[in-house]
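Trainee: Could you walk me through how to read a ligand site and some ring contacts?

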Amino acid sequence: MHRKLILGIESSCDDTSAAVICDGVLMSNVIAGQSVHEQYGGVVPELASRAHQQNIIPVVDQAIKQAGIDKSELSAVAFTRGPGLLGSLLVGTSFAKGFSQALNIPLVEVNHLQAHVQAHFISQGDQNEKHPAFPFLCLLVSGGNSQIILVRSHADMEVIGQTIDDAAGEAFDKCAKVMGLPYPGGPHIDRLAQNGNPKAFKFSKPRIPGYNYSFSGLKTSFLYLLRDEMKVNPEFVKENLNDLCASLQETIVDILMIKLKLAAHDLKINQVAVAGGVSANSSLRKAFVDYGMKLGWDVFIPPVAFTTDNAAMIAISGYFKYLNHDFCDLKEVPYARVNNIL
Ligand code: KG4
């Protein structure tokens, strides 16, 4: 039987990535990050698209070489169509279109958020790998999204809850900024929290109905605590940094898990996964293991390499669509946003 070799291309934000998947097994996953944004405290869209233009050809070239294949063997090219930064998406989309035309192979468009969920199906060739069974719930937490997704199949995903304001990653990053930590602050908070007391400070938790999230109240409550305490002691943040990080982290994780637990209970689902950049957080990963043991969930926590933006998840999504002959044509353009039905 013919091997199905899918090239995945990801360029939705500030990582240029290309990966090759062969019959569902990962052969290569190359990522070029963009340090140019660090000095600005956030991603600068115009700089991101320029860096993608510089990186895209060497990254694809390396992904094909590392996979040990020739480009003529590829079965299809899958690319992130959205959501994301339009200028960034355009680079990957245009490249994918040109490459598929040149090789005369099908083009497959991939939704970036669905791809984060599909990362759970990337095989690394290990016999003991465990993948979620349908239907399952996936908590998707990143710098731009906090969603609970009901996953009925590879092609059928529904957002049943989402943030009404900030995303969990934004809550980490914005609170980190007011403490003077570098961008993105999430990983710094995680590291400092290891030596802090999670019960040292109490922050407000939202009371909103259903499976939706809100993080703006927490951000304000954090900001007010710092403002009030620093009036009395200007060294407050410095003296309490670890405890502040640990308490904030515990509150964010609690908020995320309470709604997930509610959804799992209501829908009687015990297959529960986590995805997205914030799923690298050690306390969230631990909470998944603890909840799993307590509530009898089968939990699925991705390897850290698949939590951030990567093309392996685009390639695996492309693989499932390829098997369904779900191709797209050249007139499809990138999109910055999506609605609730993924
Ligand atoms: O999915 P992702 O790479 O891309 C965006 O959506 O932009 O997520 C990035 C987010 C940032 O907010 C970052 O602070 C957060 O993920 N993040 C973390 C950790 N690692 C990354 N947040 C908390 N703890 C971490 N270890």
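Mentor: Sure, let's start at the ligand: one of its oxygen atoms is 2.9 Å from a polar backbone atom of Gly143. That's a polar contact, a pair of N or O atoms within 3.5 Å. This is a predicted model, where local features need pLDDT of at least 70, side-chain atom pairs count only at pLDDT 80 or more, and totals for chains, interfaces and linings use all residues. Residues are numbered from 1 along each chain as its sequence is written, and side-chain values use heavy atoms, with hydrogens and water left out.

Trainee: Which side-chain atoms lie at the ligand's oxygen and nitrogen atoms?

Mentor: Ser142 has a polar side-chain atom 3.2 Å from a ligand oxygen, and Asp190 has one 2.9 Å from a ligand nitrogen.

Trainee: How many residues surround the ligand?

Mentor: Count residues with a heavy atom within 4 Å. Here 16 surround the ligand, with Gly143, Asp173, Asp190, Gly277 and Asn281 the closest.

Trainee: And ring pairs, how do I read those?

Mentor: Rings of Phe, Tyr and Trp (its six-membered ring) pair if their centres lie within 6.5 Å; planes under 30 degrees apart are stacked, over 60 edge-to-face, the rest tilted. The count here is 11 aromatic pairs. Tyr319 and Phe320 make a tilted one, 5.6 Å centre to centre with 55° between the planes.

Trainee: Why does Tyr319 count as buried?

Mentor: Buried means under 20% relative accessible area (1.4 Å probe, protein chains only). Tyr319 counts as buried because its relative accessibility is 12%; Phe320, at 17%, is buried too. Ring pairs also link Phe121, Phe134, Phe136, Tyr319 and Phe320 into a cluster.

Definitions and conventions. A polar contact is a pair of N or O atoms within 3.5 Å; within protein, one must be able to donate a hydrogen and the other to accept it, and residues adjacent in sequence count only if both atoms are side-chain atoms. Buried means under 20% relative accessible area, exposed over 50%, partly exposed in between (1.4 Å probe, protein chains only).
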